[in-house]
Amino acid sequence: VSPRSISVHQKIPVEIVLTPQGDPFVVLGKVQWVRRLSGSRRYRIGMSFADVFTGSAFRLGQYFSR
């Protein structure tokens with residue numbers, strides 16, 4: 001969710017925290033769609049992972065292999 005609209009196909013860095021005690025990691029997201037939330041000035045943004053930065057891919061793999 002974002003306070004502003006973002007262009008479709010724009011790439012933006014996204015910080016992800018999977019567990020409260022875990023360190024966050026950063027991926028590059030590519031915006032796939034944008035929808036304004038009903039009755040709000042905020043936008044819901046759908047994205048795909050365009051790139052996972054060094055070290056993050058390993059940690060992400062470990063998390064999902066559990």
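**Exercise 1. Is His 9 buried, partly exposed or exposed, and why?**

Step 1: Place the residue. His 9 belongs to the segment before strand β1; helices (H or I, at least four residues) and strands (E, at least two) are DSSP runs, numbered from the N terminus.

Step 2: Apply the cut-offs. Buried means under 20% relative accessible area, exposed over 50%, and partly exposed in between (1.4 Å probe, protein chains only). His 9 is exposed because its relative accessibility is 53%.

Step 3: Look at the backbone. His 9 has a positive phi of about 80°, although this residue is not a glycine.

Before going on, a word on the model: it is predicted, so local features need pLDDT of at least 70 and side-chain atom pairs count only at pLDDT 80 or more, while totals for chains, interfaces and linings use all residues. Residues are numbered from 1 along each chain as its sequence is written, and side-chain values use heavy atoms, with hydrogens and water left out.

**Exercise 2. Which element of the chain has the lowest mean pLDDT, and which the highest?**

Step 1: Start with the whole chain. The average pLDDT (the predictor's confidence in each residue, from 0 to 100) is 86, and 95% of the residues score at least 70.

Step 2: Go element by element. Helix α1, residues 56–65, has the lowest mean, 74. Strand β2 has the highest, 92.

**Exercise 3. Compare two serines from the start of the chain: where does each one lie, and is each buried or partly exposed?**

Step 1: Locate them. Ser 2 sits in the segment before β1, which spans 11–16. Ser 7 is also found in the segment before β1.

Step 2: Classify them. Ser 2 counts as buried because its relative accessibility is 10%. Ser 7 has 48%, so this serine counts as partly exposed.

Step 3: Find the surroundings. Contact means heavy atoms within 4.5 Å. Setting aside neighbours within four places in sequence, Ser 2 is in contact with Arg 42, Tyr 43 and Ile 45. For Ser 7, the C-alpha atom is separated by 8.9 Å from that of Gln 32, with their positions 25 residues apart along the chain.

**Exercise 4. Which side chains of β1 are buried, and which are not?**

Step 1: Recall the rule. In a regular strand, side chains alternate between the two faces of the sheet.

Step 2: Sort the residues. Ile 12, Val 14 and Ile 16 point to one face and are buried. Lys 11, Pro 13 and Glu 15 point to the other face and are not buried.

Step 3: Add the partner strand. β1 and β2 pair in the antiparallel sense over 6 bridges; two strands pair if DSSP finds at least two bridges between them. Glu 15 has Val 26 of β2 as its bridge partner, and Ile 12 has Gly 29.

**Exercise 5. How accessible is Gly 29, and what is in contact with this residue?**

Step 1: Gly 29 lies in strand β2. With a relative accessible area of 0%, Gly 29 is buried.

Step 2: Leaving aside neighbours within four places in sequence, its contacts are Gln 10, Lys 11, Ile 12, Val 14, Met 47, Ser 48 and Ala 50.

Step 3: Measure across to Gly 46 in the model: this residue is 17 positions away in sequence, and the C-alpha atoms are 9.2 Å apart.

**Exercise 6. Trace the hairpin of β2 and β3: how many bridges join the strands, and where is the positive phi?**

Step 1: Count the bridges. Strands β2 (residues 25–36) and β3 (residues 43–52) run antiparallel and are joined by 9 bridges.

Step 2: Inspect the turn. There are 6 residues between the strands, and Gly 39 takes a positive phi near 70°.

Step 3: Examine Arg 36. This arginine lies in β2 and stands opposite Tyr 43 in β3. Its relative accessible area is 53%, so Arg 36 is exposed. Not counting residues up to four places away in sequence, Arg 36 touches Arg 41, Arg 42 and Tyr 43.

Step 4: Finish with a long-range pair. Pro 3 is 33 residues from Arg 36 in sequence, and their C-alpha atoms are 9.7 Å apart in space.
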